[in-house]
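I opened the notebook to look at how two chains meet. The entries follow the order of my look-ups.

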Number of protein chains: 2
Amino acid sequence: MVNSLGRELPEFIGGYRVRPYQGLETAESTAVPVQSKRIVERCQAGQSKLLGSLKEALLACGLKDGMTISFHHSFREGDLVVGQVMEAIGELGIKNLRFAPSAVVNLKNFSLAKYVEDGTIIRVEASGIRGELGDHLIDGSVQMDEPAILRPHGARPRAIETGELEIDVAFIAVSASDVYGNCTGQIGTNRCGSLGYSFVDAHNANKVVVITDTLVDYPCCPASISQQYVDYVVKVDQVGDSAKIGAGAARLTKNPRDLMIAQKVVKVIAASRRFVDGFSFQTGAGAISIACTKFLAEEMEKKQVKASFALGGITAAIIDMYDAGLVRVVECSQSFDATAASAILSRPGVLEIDNADYSNAFNKGNFLNHLNFGVLGALEVDTDFNVNLLTSSSGKMMGGLGGGPDVAAGADISIVTLPIVRGRTPSVVDRVFTCCTPGETVACVVTQAGIALNPRHRNYAELREDLERAGIKPVDIQELRRLAEELTGRPEPIKTTQRIVAVVEYRDGTVVDVVREVVF
Amino acid sequence: MVNSLGRELPEFIGGYRVRPYQGLETAESTAVPVQSKRIVERCQAGQSKLLGSLKEALLACGLKDGMTISFHHSFREGDLVVGQVMEAIGELGIKNLRFAPSAVVNLKNFSLAKYVEDGTIIRVEASGIRGELGDHLIDGSVQMDEPAILRPHGARPRAIETGELEIDVAFIAVSASDVYGNCTGQIGTNRCGSLGYSFVDAHNANKVVVITDTLVDYPCCPASISQQYVDYVVKVDQVGDSAKIGAGAARLTKNPRDLMIAQKVVKVIAASRRFVDGFSFQTGAGAISIACTKFLAEEMEKKQVKASFALGGITAAIIDMYDAGLVRVVECSQSFDATAASAILSRPGVLEIDNADYSNAFNKGNFLNHLNFGVLGALEVDTDFNVNLLTSSSGKMMGGLGGGPDVAAGADISIVTLPIVRGRTPSVVDRVFTCCTPGETVACVVTQAGIALNPRHRNYAELREDLERAGIKPVDIQELRRLAEELTGRPEPIKTTQRIVAVVEYRDGTVVDVVREVVF
């Protein structure tokens, strides 16, 4: 079987039935009633939800072999809850779990791989698998019978609401909670800000355990997630290290190449007819993205153009724009640093939003459907404009899908940014190793060596005209590939076995690609 | 069949199967997964939700004979949306609808009864049926084959989530919305404040139509209900008259009898061991209630006692307490006047809450489970402490269940307030005409003639002791009945036919009583 992106797919991978991606127009619609595993049940007055330990909570939830557990990744590399919960699960000897967080991040002092190796976890579903487990899955040193299912952020709520991903127990780390589960990431010692990823878990899981290091008086105010969705509350010593939230994706750059790319991005935005009062944007949290945000703010000041909203993962740079009156509303599904985490409480126009509201294409409407400009990072892009967000050009597991495929599809002008080479390998290639974002959803690719427009994008003619008027001359994507190869030479193709370790799902649950075990 | 309150019930009423109330301990638990009629569907970017008229919205929703429609009643007697929607339905000739608003209020310039008479509406489910329709149903001048189902506020979300009340189309009146359905009652010309009743409709109805008179730029901020739950948006000339929100229940009083009752209520509260820093209360919006709020504030100032939260329907008097630092958090499921409606936006500790979060006993926990004092109005109370919230002593439909039965069951000390006589009829009686709130959930009855404690209430011993310590001498409820009868004489019993016009459901869907057609 070959999907419309030219990727070869088997019909089944273990027990997983492959529905091949066949383009945006034919993406499956699933007009079925929303499924929930949440139970209509009576919580008697006086019944306590506060338990003494995570182990007690696991027992109270009736966590058993074969169940599905979930987490959010809003603490990013500062998360301390996944490790504590897995340790308690390990001690109880519960096995064969499906591990379904919003993302697997790189946790330095905790080995998730160990729990896969000993059979505690036998399935993984997430937006990406960064770190040790990803490396071990892709090099075959850790194996699972079922492929990991990787879904972009918008696809996770869809999968939960269709019943494809039924969560038995959701573990929600929060910086403050009362004894009844009214909770938030906005106050307390270790704040993560928006709990955007957790709303769908809270609303749909069978059991919900809130984990906090700061118990506040009842009722917790503000309350992002309400008591009506929470079964148990557990206090631990520490849920996360806020300082590390910004440590991974959200770093700043002084790299002149990245700054040059960011400047070109802002030139594209400023040239667009959509760059007018009331426009909207998402810039994200990568090195280039944060530079973009800064340059965009300058451009907006200069041209006296104000945005209606900024969207998605939010950084201090966006909050600065809000404070400067450049952005009317900040729709925050994730807080990428401490400033952004605190801003929801202190600024009436900075709103905490449900990740489904941000990016799910299978609800009655999301913010991405109204987004003018989306700036996206990439590990590789190919001459069909397909984007690789997962694997490096040497075949290592490097990233996560995040909201990349969602933003590309949603934004009127989706701008993929990357340097043409990284180290000794090209990042503009003939064919990306792992296709994550279908090329037809990418409006342009911006590199230090030029801007390539995608003739297959729905707004191609418009963008070409706008750039021309602004005196910006795009280059052919083939030209970028040639330049890259001139610098690095053509690398040896990555060798893989036939063993599929991960499936890359699209927003609608169809398969855009698979990741095969790499022979290093 | 006789339920545990001694009320005679048939096994079936039309197609309605009666599950008799058998006491709090045996109240049915329904541990089934939450049902939803909301659909997993794809809203394409660019797809408009803004329609030109209500009629277009009805057609777009596919509203058909036999379906169920819903509304909120947060505009109370100022509502202008129910009338407009019913007119459009009438013009399209759609019949046999189930009309299921959070409450039927008394609308002066609109006849709901007309739509029952012509078969547009054949079933009614609400917390109460005030006004013309209620009067006509009870006197038999308007008849339906199926009984009206009356549910307290907390029972409605339960019925929706169990699938007992499946809503096909929810019409949600808001004071401001953007074109995509992000909407609120907090800004715009005609504000109703909290949209507390509408969350469960938005989350669970098959189709959701947002109706506003104020379209704001995308994205609407604040957004109480998110675009992800909204199918269509319709702009009309006016959704409601904010000035009339306070006109019905939320009036102030100079009546010395009511003031005396309010003072006695506050004496009970102040005498309680639960009246300490961090206590919680709900006082409501009736004449006596607002006086209570005022006297309670004075008592708190005097004793330097501060509340953790005030709950439920919120009045300006409560906002004054918040501003004075007497209440830390105001959990607002309904705004009873313009001050309360505006307070959510302007005060960080005044929160808009889901009515389910307020009062549903069949979720993972609600605010009522943490309520110390609940002050409740009543039309009649009997010597078993059963409360009538619906029918006057002459048998007329006068009120609604509201959150009465919920608050009584939830509050540690539930205080029912009423004058011992109204006009020429006693309101403390042997047996209430319609039993709405089971006597075992009422801690005490406060009248101008004394305070009666309920020996069957779970906190009886505690309250008796507390009142004794404070030198408050309670009276026997029989004594109050005798006093009332001395003033008015014993009224002739109300004559009814065997025809049942309404069923009074409890929080769990069991039947506490029925309302029979009255022979006037």
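How many residue pairs are in polar contact across the interface of chain A and chain B? I find 43, both residues at pLDDT 80 or more. A polar contact here is a pair of N or O atoms within 3.5 Å; within protein, one must be able to donate a hydrogen and the other to accept it, and residues adjacent in sequence count only if both atoms are side-chain atoms.

Ground rules, noted early. This is a predicted model, where local features need pLDDT of at least 70, side-chain atom pairs count only at pLDDT 80 or more, and totals for chains, interfaces and linings use all residues. Residues are numbered from 1 along each chain as its sequence is written, chains are lettered from A and ligands numbered from 1 in the order written, and side-chain values use heavy atoms, without hydrogens and water.

**Salt bridges.** I looked for a side-chain nitrogen of Lys or Arg within 4 Å of a carboxyl oxygen of Asp or Glu. The rule gives four salt bridges across the interface of chain A and chain B. I checked Arg38(A) with Glu161(B): their closest N and O atoms are 3.3 Å apart.

**Contact and area.** With contact as heavy atoms within 4.5 Å, chain A gives 58 residues and chain B gives 59. The side of chain A that touches chain B divides into 26 nonpolar, 18 polar and 14 charged residues. Gly counts as polar in this split. The two chains bury about 4,900 Å² between them, 52% of it on carbon and sulfur atoms. That is the accessible area (1.4 Å probe) lost on being put together, summed over both. In chain A, Val40(A), Arg42(A) and Lys364(A) lose the most area to chain B, together 20% of what that side buries.

**Symmetry.** I superposed the copies by least squares on C-alpha atoms of residues with pLDDT of at least 70 in both. Chain A lands on chain B with an RMSD of 0.0 Å, after a turn of 180° and a shift of 0.0 Å along the axis. The copies are thus related as by a two-fold rotation axis. In chain A, the C-alpha of Gln35(A) is nearest the axis, at 3.6 Å.

**Strands across the interface.** Strands are DSSP runs (E, at least two residues), and two strands pair if DSSP finds at least two bridges between them. I see β3(A) pair with β4 (residues 39–40) of chain B, antiparallel, over two bridges. Pro33(A) stands opposite Ile39(B) in that strand of chain B.

Technical notes:
Helices (H or I, at least four residues) and strands (E, at least two) are DSSP runs, numbered from the N terminus.
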